[in-house]
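Biologist: I would like to learn how to read this model. Could we go through it together?

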Amino acid sequence: MSTDLWTYRPAADMVGREFDLIGVQGRLEDPSVRLITLTGPGGVGKSRLAAEAAAGVAELFPGGIHSIDLPACLDLESVLENIDKTVRDITERTLLLLDGIEHIAGGLAVPLARHLGDTPLLTVLATGQEILRISGECVLPVPPLPPPGELLEADVADVQDNPAVQLFVRCGRRANPAFALTPENVGAVVDICNLLEGVPLVLELAARRLRLYPPQELLGWLRRGGDRHLPGPVDVPERQRSTLAIAEWSCRGLSAPQRSLLAQLALFQGGVTLPTAEKVSPLGAAETTVALETMLDRGLLTLEERPRADSRLTMPRTVRAYGLALLDEAGEERTLAARQAHAHYYRRLLPALEGRFHGSEQQRWLRVAVAEHDNVLAALRHLENEDGAGAHEGHEKGRGEGGGGRVRPERAAALLERAGLVTACLQPWLVRGELKEGLRWFDATGQALKGAEWGERAEDEEWLRTRARLYCGAGVLAAALGDHDGAAHRHRRAVALYKRLRDPQAAALPSARLGHALFRCGERPEGRALLSASLTALDGHGDTAGSAEAAAALAEVLLASGETRQARALLERVGRVQRQNGAVRDLARTVHLGARLYLCEGDDDSARAALRESIGLYESIGERTELPAVLEMFALLILQRAGRPQPAARLLAAAGALRSRTGAGVERERADRLRAAVDELRRRLGGAVFATAWAEGLRLRPEAMATEALGAAEPSRTEDSGESVALTPRQLQVALLVADGMTNRQIAQHLDIAEWTVVNHVRNVMRKLGCTSRVQVAWAVGRSR
């Protein structure tokens, strides 16, 4: 038997491919499977996986294992000659490994199918970004390693077993023996693995840079585009020697128009919907369809389905970097035109969606807008740069003409376009929790408009109205951050501008928000009076949405003053309007206020139901700014009224982490109650169990927080019944080790059993004890000992 496996094998062990390896080897062991194709984007490790799988089943192929590096061959003819030479005299079962079939798959398919038909003892294992489309072909996708994903508080114990993190750490240690995963650098390592999308070769190349940069500095360098030209080892095929080489090889064979579309789509961060791709394409409709299908077939694009939102075409980071390089090579004029098309698309899209953020389809359109966050920021940066250049040019021209200083019409239009996009982003930024970033854009854009207010433009109605909207939106964001003085200052300026416009109807809502801010600042009589007057004005103008917001704010004021009967009447009125209008986010806030009212009246069951409804409504739109306050109230309720300390600890930790991420403010009185609750939890649970529960809450992803809260709504059957649960001796042993904080891997090593066996034991323990997490197991075992 001969074995000819040339495939490059990195120094680090293969990580995270255990099940993939089993799947490939299982098919190689089946004589009826004659052609297996491993497919996936460049750099995911298809060649390495194929080589490992082939080596592991070498004894099944007495005729030998022969590999051909197709990209190293001069042309298709030389590839076919090599294949003919290999299969000519096969007398025993033989494996042929064809590495890199992309770009010649069309010409290779028919001759290879003939060989497979004529040579029953031949099995072919191919790798490539395209498939052969031969009858009987078994296609096995090879995705990137799963990255850890967004974590509010990264923890070493939580991510050390993640495949992408494992590979990065192993490669990092080879580059810098002093490197280790620590509590200080784990956040940066998680961000690097997420940024590089878990692509093994790119992770390996980035880890080499740990010789020059500590993880936090490496992250900043990568975010600035440093990974575009990450160099690799010289003893690998040329197409794998850098990230740029990976992308160039992947895009080889695309036509000039297809490359043009690729470059345009590379401007989109976080993907693009299919309708958007078709709208911004520089190609005709038919050509665009063909180009997109070609890119999907080659793995240059992936169609990613998202819950409750449109599917998106996403581009691997390496391919996106190459597309941006193509854009730069096209020249300054072409690059500028492409960036303008991208920016102007979002300048039109968000203002068009703004009116739908308050209607019956609020859930759908808010999710659409939130998904475009990164693209909107890119568009805003482009418009800001355009405005900066226009401002400089206008300043120079004004000086040359001797003074005056009027706003040039094109700059005025650019400023108003930028302002329109910023104001349209208010609701998506609130939902996403981008409070500080949003406030910066509102304030900076308002300042730019004010600074450009020269000559006759100073009293222009559109100019003043846009400035007022910017002040009003900035006030809402400042209030969400807990800066009520800042909110009052901004709302006051908005009201003043509307007065200059002689528009009392438009001034009514910012006046109500000003009253609410004044009340929060301690000016209670003034704030309440202004709120009442504004509510009367909004009712008189027939502004149902504005009236509902003002009435809810007044109900909060009345509730704080102990006037529960009046507060109840207002909340019932507001709830009816918001349910009728489908205003999900506003309704969630109103229901939350209703829960506070129920607690004041001692109605715990109604409060619990209201909080569950509020959490569910916030979850339906992915809300992050106001979710922490609801989670905290719910945690206090289940702690004080239901006696459930573990879920309360997890929810308080999760809410605090999310609040820290968004910067959402918390009132002093509530902050004091939360600190007291945490102290009580620490006493009741004990140090070890509390620390475990708290750490588990910190590791909850934002999208899982609502599920955690709703799952904690009722005590488990085990807790209610108090029935004893019979664990087998081994299950009890595993449960006790879980209570000691051991991971599955550590338990497996300690008991000398397989890790998968530990997983099954833990699942059975959770099922028997009625637990949903490891910390609940720790608590249950702790009570029974």
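The questions and answers below go through a helix, a core, a cavity and some single residues.

Biologist: Before we start, what kind of model is this?

Modeller: Local features are described only where pLDDT is at least 70. That applies here because this model is predicted.

Biologist: Which face of helix H9 do its buried residues line, one or several?

Modeller: Helix H9 covers residues 215-223. Its buried residues are Pro 215, Leu 218, Leu 219, Trp 221 and Leu 222. Seen down the helix axis, these fall within an arc of 165°, so they line one face.

Biologist: Which residues are exposed on the other side of H9?

Modeller: Exposed means over 50% relative accessible area. On the other side of H9, that label goes to Gln 216 and Arg 223.

Biologist: What covers the buried residues of H9?

Modeller: Leu 218 and Trp 221 are among the buried residues of H9. Their cover includes helices H6 (163-175), H7 (186-195), H8 (200-207) and H14 (317-329).

Biologist: Which residues touch the most other members of the largest nonpolar core?

Modeller: This core has 112 residues. Helix H29 (residues 627-640) gives the most to this core, with 10 residues. The residues that touch the most other members are Leu 262, Leu 265 and Leu 350.

Biologist: How many residues are in the second, separate core?

Modeller: Cys 171, Phe 179, Cys 193 and Val 199 are included in this second core. Its size is 33 residues.

Biologist: What is the volume of the second largest cavity?

Modeller: The structure holds 4 cavities of 30 Å³ or more. The second largest has a volume of about 50 Å³.

Biologist: Which helix gives the largest share of that lining?

Modeller: Leu 350 is one of the lining residues of the second largest cavity, and so are Ala 369, Val 376 and Trp 429. Helices H16 (362-371), H17 (373-400) and H19 (426-432) each give two or more residues to the lining. The largest share, 3 residues, comes from H19.

Biologist: How many residues of that lining are nonpolar, polar and charged?

Modeller: His 373 and Arg 432 are among the residues that line the second largest cavity. Sorted by class, the lining has 7 nonpolar, 1 polar and 1 charged residues.

Biologist: Is Gln 731 buried or exposed?

Modeller: Gln 731 sits in helix H35 (residues 729-739). Beyond its neighbours up to four places away in sequence, Gln 731 touches His 761, Asn 764, Val 765 and Lys 768. Buried means under 20% relative accessible area. At 7%, Gln 731 is therefore buried.

Biologist: How far apart in space are Arg 306 and Ala 371?

Modeller: Arg 306 is in strand S7 (residues 302-306). Arg 306 is in contact with residues including Ala 371. In sequence, Arg 306 and Ala 371 are 65 residues apart. C-alpha to C-alpha, they are 9.9 Å apart in space.

Biologist: What is the phi of His 103?

Modeller: His 103 lies in the loop between strand S4 (94-99) and helix H4 (105-118). Most residues other than glycine have a negative phi. His 103 is not a glycine, yet its phi is positive, about 80°.

Biologist: Where is Glu 197 found?

Modeller: Glu 197 is not a glycine, but its phi is positive, about 60°. Glu 197 is partly exposed, at 31% relative accessible area. Its place is in the loop between H7 and H8.

Terms used
Residues are numbered from 1 along each chain as its sequence is written. This is a predicted model: local features need pLDDT of at least 70, side-chain atom pairs count only at pLDDT 80 or more; totals for chains, interfaces and linings use all residues. Side-chain values use heavy atoms; hydrogens and water are left out. Buried means under 20% relative accessible area, exposed over 50%, partly exposed in between (1.4 Å probe, protein chains only). Helices (H or I, at least four residues) and strands (E, at least two) are DSSP runs, numbered from the N terminus. The arc is that of the directions from the helix axis to the C-beta atoms. Contact means heavy atoms within 4.5 Å. A nonpolar core is a set of buried Ala, Val, Leu, Ile, Met, Phe, Trp, Tyr and Cys residues joined through side-chain atoms within 4.5 Å. On a 1 Å grid over the protein atoms alone, a cavity is a set of points where a 1.4 Å probe fits but cannot get out, and a pocket is an open set with protein on both sides within 12 Å along at least five of seven lines; lining residues have an atom within 4 Å of a point. Grid points are joined across faces, edges and corners, and a volume is the space filled by probe spheres set on the points. Ala, Val, Leu, Ile, Met, Phe, Trp, Tyr, Cys and Pro count as nonpolar, Asp, Glu, Lys and Arg as charged, and the others, Gly among them, as polar.
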